[in-house]
Amino acid sequence: MGSRRYDSRTTIFSPEGRLYQVEYAMEAISHAGTALGVLATDGVVLAAEKRTASKLLEQSVGAEKVYLLSDTTCTAVAGLTSDANTLVTYARQQAARYRTTYGESMPVEQLVQRMCDLKQGYTQFGGLRPFGVSFVYAGYDTHRGFQLYTSDPSGNYAGWRANCIGANSTNAQSILKSDYKDEITLSEAVSLAVKVLSKTMDSATITSEKIEFATLSLDKSGRVRFHSYSPEEIEGLLKKEGVNTQQPEEEK
Amino acid sequence: MGSRRYDSRTTIFSPEGRLYQVEYAMEAISHAGTALGVLATDGVVLAAEKRTASKLLEQSVGAEKVYLLSDTTCTAVAGLTSDANTLVTYARQQAARYRTTYGESMPVEQLVQRMCDLKQGYTQFGGLRPFGVSFVYAGYDTHRGFQLYTSDPSGNYAGWRANCIGANSTNAQSILKSDYKDEITLSEAVSLAVKVLSKTMDSATITSEKIEFATLSLDKSGRVRFHSYSPEEIEGLLKKEGVNTQQPEEEK
Amino acid sequence: MGSRRYDSRTTIFSPEGRLYQVEYAMEAISHAGTALGVLATDGVVLAAEKRTASKLLEQSVGAEKVYLLSDTTCTAVAGLTSDANTLVTYARQQAARYRTTYGESMPVEQLVQRMCDLKQGYTQFGGLRPFGVSFVYAGYDTHRGFQLYTSDPSGNYAGWRANCIGANSTNAQSILKSDYKDEITLSEAVSLAVKVLSKTMDSATITSEKIEFATLSLDKSGRVRFHSYSPEEIEGLLKKEGVNTQQPEEEK
Amino acid sequence: MGSRRYDSRTTIFSPEGRLYQVEYAMEAISHAGTALGVLATDGVVLAAEKRTASKLLEQSVGAEKVYLLSDTTCTAVAGLTSDANTLVTYARQQAARYRTTYGESMPVEQLVQRMCDLKQGYTQFGGLRPFGVSFVYAGYDTHRGFQLYTSDPSGNYAGWRANCIGANSTNAQSILKSDYKDEITLSEAVSLAVKVLSKTMDSATITSEKIEFATLSLDKSGRVRFHSYSPEEIEGLLKKEGVNTQQPEEEK
Amino acid sequence: MGSRRYDSRTTIFSPEGRLYQVEYAMEAISHAGTALGVLATDGVVLAAEKRTASKLLEQSVGAEKVYLLSDTTCTAVAGLTSDANTLVTYARQQAARYRTTYGESMPVEQLVQRMCDLKQGYTQFGGLRPFGVSFVYAGYDTHRGFQLYTSDPSGNYAGWRANCIGANSTNAQSILKSDYKDEITLSEAVSLAVKVLSKTMDSATITSEKIEFATLSLDKSGRVRFHSYSPEEIEGLLKKEGVNTQQPEEEK
Amino acid sequence: MGSRRYDSRTTIFSPEGRLYQVEYAMEAISHAGTALGVLATDGVVLAAEKRTASKLLEQSVGAEKVYLLSDTTCTAVAGLTSDANTLVTYARQQAARYRTTYGESMPVEQLVQRMCDLKQGYTQFGGLRPFGVSFVYAGYDTHRGFQLYTSDPSGNYAGWRANCIGANSTNAQSILKSDYKDEITLSEAVSLAVKVLSKTMDSATITSEKIEFATLSLDKSGRVRFHSYSPEEIEGLLKKEGVNTQQPEEEK
Amino acid sequence: MGSRRYDSRTTIFSPEGRLYQVEYAMEAISHAGTALGVLATDGVVLAAEKRTASKLLEQSVGAEKVYLLSDTTCTAVAGLTSDANTLVTYARQQAARYRTTYGESMPVEQLVQRMCDLKQGYTQFGGLRPFGVSFVYAGYDTHRGFQLYTSDPSGNYAGWRANCIGANSTNAQSILKSDYKDEITLSEAVSLAVKVLSKTMDSATITSEKIEFATLSLDKSGRVRFHSYSPEEIEGLLKKEGVNTQQPEEEK
C-alpha cells in the first residue's frame with residue numbers, strides 16, 4: 001500500500017530509495033519467454049523460448065527473438081517485443097555509425113553501454129516509461145575475444161560466463177551455475193543451453209517452433225560467424241540431447 | 001479495481017508489468033470489422049469487413065479498408081479509421097522516400113517495421129495514446145517473395161501464412177488453422193478468405209457492400225500486380241462460394 | 001460513472017477502447033444547425049441551417065456556413081464556427097500551396113484527407129481537444145468528377161451520394177435514403193435538399209435568413225462554377241417547393 | 001455540479017459538448033462595460049461605457065475602450081482590458097504587415113478573422129486560457145464599404161447592422177432591433193447609440209467621463225476618417241439627446 | 001470555498017469570469033509599501049514608502065523603490081521587489097533598443113504598454129504566475145508632455161493626474177481626489193505627496209530612511225531632468241511640511 | 001492548513017499574496033551555518049560558519065563557504081551548497097564575459113542583480129524550485145568603492161553596512177546594529193565579525209575548522225586584494241579576540 | 001505523514017526547507033555496497049564492495065565499481081549502477097574535451113564540480129529525479145597533488161583525507177577517523193582500507209570476487225599511474241591483512 005504514492009512515475013524515488021516503475025518493468029520480463037547465453041572458449045551460444053508459436057506463423061520473420069546488431073554482436077531478448085525492436089534499431093544505427101566513422105566494428109561493451117545509457121534515460125526523465133525488455137548479448141572483438149552480457153530495464157549491465165533472463169530465470173541460473181565448467185567448448189555450451197531450456201520451459205514438450213538457437217564463432221579465416229539454427233537443425237539438436245519433441249495436436 | 005491507478009497513461013507499467021492503455025487500444029480493435037490475409041504460393045489475398053455500409057455510401061472512396069502503401073505492399077485495417085489514415089500516410093511517405101533514395105521498392109518487412117517503430121513510440125512517450133488500429137500487410141520483394149504480416153497497437157509485428165484481426169478473429173484464426181494448406185494457390189486462398197468471412201461476420205447476410213477483397217500477385221512480366229475487387233467481382237465470388245448475399249430491405 | 005476516469009483527455013482510451021472526448025465533440029455537433037449535401041449527375045448541392053438568425057445580422061459576412069475552400073471544392077459545416085474557421089483557413093492554404101506547386105487544383109479527396117489528418121492529430125496528442133466540427137464537402141476533379149464527402153471530429157471521412165450532419169441528421173438521412181435516386185439531376189437534388197431541411201429544422205417556419213444554399217456545377221466551357229444562393233433565390237426556391245416561409249414577428 | 005470535472009481546461013469538452021472555460025470567459029464580459037456599434041449608410045458609430053471613471057483619470061490615455069487598428073478599422077472592447085491590449089497590438093502588427101506587403105489596407109473581415117483565429121487557438125491548446133474580451137469592429141474597404149462585426153472569446157465572429165456586447169447587452173439588442181432602420185444615416189446612428197447607452201448603463205447619470213464615442217466615415221476626398229469624440233462633443237451630444245448628465249458629487 | 005477549484009492557475013477562469021491568481025497577486029501588493037505619483041504642470045513627482053528600513057541599510061543601493069527606466073521615464077513600485085527588478089531590466093532593454101533603432105527616446109505610453117503586454121502574458125500562459133508588482137510611471141515626451149501612469153499585475157494600465165498603489169492606497173486616493181487641483185505646480189505636487197504619505201503610512205513617525213522622493217522636470221535647456229531626493233533633502237522636505245520625523249530608538 | 005493548497009509550486013500565489021515555496025526555501029537557509037559581512041572604510045570582511053567540520057575534511061577544497069566571483073567580488077553563502085555552486089558558476093561566467101566584452105571588471109551591483117534575476121526566474125516559472133541559498137557579497141568598484149550586499153531565494157537584494165544570513169541571523173543582526181560604527185576600519189570590522197560569530201554559533205567552542213574568514217581590501221598599488229584566512233590566521237584571530245577555541249575530543 | 005505532500009518531486013521544498021526526493025535518493029545509496037577512499041602522501045587508494053558476486057560473473061567487465069574518468073582521475077561508486085554509468089560517460093566526455101581544448105588534464109576539482117553541477121540540476125528541474133548515486137573520487141594534478149573527494153545526489157561535494165559512502169558508512173567513518181594518521185603512506189592506506197572493509201561488509205567472509213581495489217600513484221617518471229588490483233592481488237592483500245577469505249559453498 002505504501003508503495004502506491006511512488007510507483008507511477010520513473011521520476012520519483014520511494015522513501016526506501018526504490019524506483020517502482022523499473023521494478024514493474026522487470027515484472028513484465030519475468031513473464032516473458034526465457035532467453036539465455038553461454039560463453040565458451042571458442043564462441044557463444046544464445047537460446048530463446050518463443051511464446052507465440054503457431055503453425056501459421058512464419059518462422060523466419062518478425063517474431064524472432066534473436067537479433068543481429070552488427071557483424072560481431074547479436075542479442076536475445078525477453079520482454080516486450082516492440083520495445084526490443086526499437087532498441088535494436090537504435091543499436092544497429094550506433095554500430096553502423098561507428099563502423100563508418102572508425103572503419104572497424106564497434107567494441108562489444110561499448111555497444112552494450114550505449115544501449116544502456118539510452119535505457120537509463122528512460123528511468124530518469126518525465127513523460128517516459130522504462131523499456132520493458134532485457135537482453136542477453138553475445139559478441140566478439142579483438143580486444144577481449146568472445147563476450148557475454150546481460151542488461152535490464154534499469155540500464156544495468158554486466159559481463160557473464162553464462163546467464164539467463166525472462167521466466168524461470170532463477171531456476172535456469174541454478175542449472176547454469178552447477179553445470180558450467182570453465183573451459184567449456186561451444187559444442188558443450190549448446191548442449192548446456194538445450195538442457196537448461198528443456199528443464200525450465202513451461203510447455204510440456206519443446207519443438208523447433210518454440211525455440212531459437214544462434215551461435216557466434218570464428219571461421220577458419222578468423223572472421224566472426226553468426227549462425228542461426230534452422231528448424232531442422234534445432235530438431236536435430238533436441239533429438240541429440242534426448243529432449244521430448246512430440247508435438248501435441250491441441251497446441252496452438 | 002487495482003488496475004485503475006495504472007491504466008490512464010502509456011508511460012506507466014502496472015505492478016504486474018502490463019500497459020493497460022495498449023490493452024484498451026486492442027479492445028477498440030476487437031469491436032472493429034474483421035480483416036484477414038492468406039499467403040499463397042503465387043500471391044496474397046487480403047479481405048476486410050466494412051461496418052459502415054449504406055446504399056448512399058460511395059464504395060470507391062474514403063471508407064475503404066484496404067490501402068496501397070507502395071507499388072509492392074498493401075494493407076487491410078481493423079480499428080479507428082482516422083488513426084489508420086495517418087499511419088498509411090506515414091508509410092506512403094517512407095516508401096516513396098526509400099524509392100527516391102535507393103531507386104527500388106522498400107523491402108516489405110522494413111516498411112512494416114518502420115510503421116511499428118512509430119507505433120511503439122506512442123506507447124512509451126507522455127501526452128500520447130497508442131494508435132487504435134491493427135494491420136494485415138501483404139507484400140512482395142525479390143528477397144523473400146510474397147509475405148504476410150500483422151501488427152497491433154503495441155508495435156509488435158510478425159510474419160504469418162494466414163492470420164486475422166478485428167472482431168471474431170479468434171474464431172477466424174481457428175478456421176484458418178484447420179483449413180490452411182502449405183501449398184495453397186491464390187485462388188484457393190481467396191476461397192478460404194470468403195469462407196472465413198462468411199462464417200465470422202456478424203451480419204446475417206454478406207453483400208458486396210460490406211466486403212473488400214484485394215490480391216497481390218505477379219503478372220506475366222514478373223511485375224507486382226495489385227487488384228482490388230469491384231462490387232461485381234465480389235458478388236461473383238460470393239455466389240461462386242455459395243454465400244447467402246440476399247440483401248434485406250431494412251438494412252442501412 | 002465508469003466513464004469518468006477516461007473522458008477528460010484525448011490521449012487515453014477507456015477500458016472499452018473508446019475515446020470519450022471525441023464522442024463529446026460529436027455531441028457538440030449534434031446540437032448544431034443541420035448541414036447536408038446531395039450528389040447529382042451534373043453537380044452537387046450543399047445546404048445548411050443557420051441558427052443565429054437576426055434581422056440585424058449581415059447575411060453575407062462572417063456567419064455563413066458554406067465556405068469555398070478552393071476553386072473546385074466547397075464545404076458546409078456543423079458545429080463550432082470558430083473551429084471551422086481555423087480548419088477552413090488551413091484547407092485554403094493547403095489548396096493554394098498545391099496549386100502553386102503543381103499548377104492545377106488539388107484533388108478533392110486529397111484536400112479532405114489533409115484536413116482529416118490534422119483533425120486526427122488533435123485526438124491523439126496531449127494538451128489539445130478535438131475540433132468540434134463536422135463537414136460536408138462538395139468538389140469536382142477531372143479524375144473522379146463530382147464528389148461528396150463528410151468528415152467528423154475523429155478525422156474519419158467517407159464519400160457519399162447524399163448525407164447529412166448536425167442536429168436531426170438521423171431523421172434527415174432517412175429521408176435521403178428513401179428519396180435519393182441514382183440518376184438524380186442537380187435540380188432534383190436541390191428540391192430534395194429543400195425537402196429534407198423543411199422536414200428536419202426545429203423552427204416552425206423556414207426563411208431565407210435561416211438557410212444557405214450553394215451548388216457546384218460545370219459551366220458551358222467546362223469550368224467549375226460555385227453558386228451561392230441569394231436570399232431572393234432561396235425565397236424563390238422555398239416558394240417553389242411549397243415551404244411555409246411566413247416569418248413570425250416575435251422571431252429574433 | 002456535473003460541470004465541475006470539465007470546466008477547468010479549454011482542452012476538454014463536457015459530455016454535452018460544451019467548453020466551459022469559453023463560457024466563463026464570456027461571463028467575464030457580461031460584467032464589463034457595454035460597447036456597441038451601429039452601421040449607417042454613410043459610416044459607422046462605436047460607443048462604449050467606461051467603468052473606471054474618476055476625475056483624476058487622464059481621459060485621453062490608457063483607459064480608452066475604442067482603439068484604432070489600422071487606417072480603416074477601429075474597435076470597441078468589453079472585457080479584460082489587458083487582454084484587449086494584447087490582441088490590439090497583434091491586430092495592428094497584422095494590419096501594418098499587410099500594408100507593407102500589399103501596399104493597401106487590409107480588408108476588414110480579413111483582419112477580424114486573423115484576430116479570431118488567434119482567439120480560437122487559445123480555446124484549443126493546453127496551458128492557455130481564452131481571451132476574456134469581446135470586440136465590436138467598425139471598418140471600411142472598397143470591396144464591401146462600411147462594415148460592422150463582433151467577435152467573442154470563442155473566436156466566433158459575424159457581420160451586423162447593429163449590435164452590442166458587455167453588460168446589459170440583451171437589453172441593448174432589443175432596443176437596437178426595434179429602432180434600427182435600414183437606411184439609417186450616421187447622424188441617426190449616433191442618436192440611436194446615445195439612446196441605447198442611456199437606457200442600459202447602470203449609472204444613474206451619464207457623463208462624458210463615462211462614455212467614449214467614435215465614428216468612421218468618408219471625408220470629401222473619399223478617404224476614411226476616424227473621429228474620436230472629445231469630452232465636450234460627448235457632452236454636447238448627450239444634451240442634444242436629452243440625457244441626464246448631472247454628475248453627482250459622491251461619484252468617484 | 002467555491003473559489004478553490006479555480007484559484008491555483010492563471011490559465012482558468014472561475015465560473016464568474018474571475019482570474020483568482022491575478023487577484024491574489026494584487027493582494028500581495030496591498031500589503032506592500034505605498035507608492036504614489038502626482039502630475040503637475042511643470043513636472044511629475046513620485047514618492048514611495050520603504051518598509052525595510054534599518055540604520056545598517058545602504059540607502060543608495062539595491063533596496064530603492066524608484067527606478068530610472070530611460071532618460072525620460074522613471075517608476076515607483078509596490079510589491080515584490082525581485083519581480084519589479086526583472087520587469088525594470090526588461091523595460092530598460094526595451095527603451096535602449098528603441099533609442100538605438102530610432103535615435104530618440106521611446107514614447108512613455110509605448111514603454112508602459114510594452115511592460116504591460118509582458119505582464120498580461122503571465123496571466124494567460126500555463127506554468128507561470130503573474131508578476132506580483134504594481135507600478136507608478138512618470139515620464140515625458142514631446143508629443144504629450146508630462147505623463148503619469150499606473151499598471152497592475154493583470155497588465156492593465158491607465159493615465160492619471162494623481163494616483164497611489166500599495167497599502168492604504170484607497171485612503172491615499174481619497175486625499176488626492178479632494179486636494180488635487182488642475183493647475184498644480186510641481187512644488188505643490190511635492191507638498192501634496194508628503195501630505196498623503198504622512199497620513200497613510202503605518203509608522204508612527206516618518207523618517208528620510210523610510211521614504212523615497214523623485215521628480216521629473218525640464219531644465220532650462222528643455223532637457224528632461226530626473227532628481228532623486230537625498231536623505232537630507234527629504235528631511236528638509238518633511239520639516240518644511242511639518243511632519244513628525246523624530247525617530248524612535250527601538251525602530252529597526 | 002489553509003496554506004496547503006498553495007505551497008507546492010512557485011507558480012501560484014496564496015490568497016494572501018504569499019509565495020510559500022519561496023518561504024520554505026528561506027526556512028532551509030535558517031537552518032544553515034551563519035554567514036555575515038561587515039563593510040569598513042578600507043575594506044570588507046566576510047565570515048562564515050562551517051557545519052560539516054571533521055578532522056578528515058580537507059579544509060582548502062570543496063566545502064568552503066566563501067567564493068571568489070571575480071577579481072573584485074566575493075561571496076559567503078548560507079543554504080544548500082550545491083545550489084550555491086551552480087549560482088557561483090553562473091556568476092563567474094557572467095563576470096568573465098563582462099571583462100572580455102568591456103575590458104574591465106563588472107560593477108558589483110550589476111553582478112549581484114544578474115544573479116538575482118536568475119533567482120527570481122526560479123520563483124516564477126513552472127517545473128522549477130527556488131534556489132535554496134542566500135548570499136552575502138563583498139565587492140569593490142571605482143564608482144561606489146567597497147560595497148556589501150545580501151540576496152535571498154526570492155531574488156531580492158539590498159546594500160548593507162553590515163548584515164548576517166543563516167541560522168541565528170536575527171541574533172547576529174542585533175549585535176551588528178548595536179556595535180557597528182560609521183567610520184569602522186577593516187581591522188575593527190574583523191573583530192566585530194569574530195564577536196558576532198562567537199556569540200551566535202551553536203557549537204560550544206569555535207575552532208579554525210568551523211570558520212572561514214576573508215577580507216577584500218586595496219593593496220598599495222590600489223588593486224583589489226582578496227585574502228582568505230588560513231587556519232593558523234583564524235586561530236590567531238580567535239585567540240586575539242579571546243574566543244574559547246579548545247576543541248573537545250568527542251567532536252566529529 | 002506530513003512529508004507526504006512534499007516528497008514526490010524535486011521541484012518543491014517541504015515547509016521545513018527539505019528536499020525529500022534528494023533524501024530518498026540518499027536512502028538508495030545507504031543500501032548499496034560500501035565504497036571508500038584514503039588519501040596518502042604518495043597516492044590514493046579506492047576500495048569498493050561488490051554486491052552482485054557470482055562465480056558466473058565476468059570480473060573484468062560491466063559490473064565494476066571503480067571507473068577511470070581521465071588519465072588522472074578515477075572514482076568508486078555506491079548506488080544505482082546505471083545512473084553511475086551515465087554520469088561516468090558524461091565525466092569522460094568533459095575530461096576529454098578539456099584535454100582537447102587546453103592540451104592538459106582537467107584539474108580534479110573542476111571535473112568533480114562539473115559532475116556536481118549536472119547532479120544539482122536534477123534536483124531543481126521538473127520531470128527529473130536526482131541521480132541515485134554517490135562517488136568517491138581520487139585524482140592528481142600538479143596544482144594540488146593527490147586529492148580525494150566525495151559527492152552525493154544533491155550535488156554537494158567536499159575534499160577529504162579519508163571518507164566512505166554506501167552501506168555502513170557511518171561505522172566505516174569511525175574507523176577511518178580513529179585510525180587515519182596525517183603522514184600515511186599509500187601502503188598503509190591500502191591496509192587501512194582493507195581493515196575498514198573487513199569490519200563493515202555484511203558478508204561473513206570477504207573474497208576477491210566481492211571487492212575491488214585501485215590505487216593512484218606516480219611512477220618514477222612522475223606520471224600518474226592507475227592500478228586496478230587483479231583478483232590474485234586482492235587475494236594476496238586480504239591474506240596479508242589476515243582477513244578471513246574462505247568462500248562458503250552455498251554463496252551465490
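This report describes how chain A meets chain B and chain G in a predicted model.

Local features were taken only where pLDDT is at least 70, and side-chain atom pairs only at pLDDT 80 or more, while totals for chains, interfaces and linings use all residues. Residues are numbered from 1 along each chain as its sequence is written, chains are lettered from A in the order in which they are written, and side-chain values use heavy atoms, with hydrogens and water left out.

**Arrangement of the copies**

Two copies of a chain are related by a rotation about an axis and a shift along it. Chain A is superposed on chain B by a rotation of 51° with 0.0 Å of shift along its axis, at an RMSD of 0.0 Å; the fit is by least squares on the C-alpha atoms of residues with pLDDT of at least 70 in both copies. The two copies use different surfaces, since 3% of the contact residues of chain A recur in chain B. Here contact means heavy atoms within 4.5 Å. For chain A and chain G, a turn of 52° and a shift of 0.0 Å along the axis give an RMSD of 0.0 Å. Different surfaces are again used, with 6% of the contact residues of chain A recurring in chain G.

Some pairs of chains have no contact. Chain B and chain E are one such pair, with their closest C-alpha atoms 16 Å apart. Chain D and chain F are another, with a closest C-alpha distance of 11 Å.

**The two interfaces of chain A**

The table lists values for each interface. Buried area is the accessible area (1.4 Å probe) that two parts lose on being put together, summed over both. A salt bridge is a side-chain nitrogen of Lys or Arg within 4 Å of a carboxyl oxygen of Asp or Glu.

| Interface | Residues in contact | Buried area | Salt bridge (N to O) |
|---|---|---|---|
| Chain A and chain B | 35 residues of chain A, 36 residues of chain B | about 3,000 Å² | A:Asp7 and B:Arg5, 3.1 Å |
| Chain A and chain G | 36 residues of chain A, 36 residues of chain G | about 3,000 Å² | G:Asp7 and A:Arg5, 3.1 Å |

Carbon and sulfur atoms give 52% of the area buried between chain A and chain B, and 52% of that buried between chain A and chain G. On the chain G side, A:Phe13, A:Gln124 and A:Lys177 supply 24% of the area that chain A buries, more than any other three residues.

Polar contacts are pairs of N or O atoms within 3.5 Å; within protein, one must be able to donate a hydrogen and the other to accept it, and residues adjacent in sequence count only if both atoms are side-chain atoms. The interface of chain A and chain B has 17 residue pairs in polar contact, both residues at pLDDT 80 or more. Helix 1 (20–30) and helix 2 (81–102) of chain A each supply at least two residues of the side that touches chain B. Helix 2 of chain A gives the largest share, six residues. Helices (H or I, at least four residues) and strands (E, at least two) are DSSP runs, numbered from the N terminus. The residues on this side divide into 12 nonpolar, 13 polar and 10 charged. In this division, Ala, Val, Leu, Ile, Met, Phe, Trp, Tyr, Cys and Pro count as nonpolar, Asp, Glu, Lys and Arg as charged, and the others, Gly among them, as polar.

Across the interface of chain A and chain G, 17 residue pairs are likewise in polar contact. Helix 3 (108–121), strand 7 (157–159) and helix 4 (169–179) of chain A each supply at least two residues of the side that touches chain G. The largest share, four residues, comes from helix 3 of chain A. That side consists of 14 nonpolar, 14 polar and eight charged residues.

**A salt bridge within chain C**

Over all chains the count is 65 salt bridges. One of them joins the side chains of C:Arg99 and C:Asp71 (3.0 Å, N to O). C:Arg99 lies in helix 2 (residues 81–102) of chain C, and C:Asp71 in the loop between strand 3 (66–70) and strand 4 (73–79), 28 residues apart.
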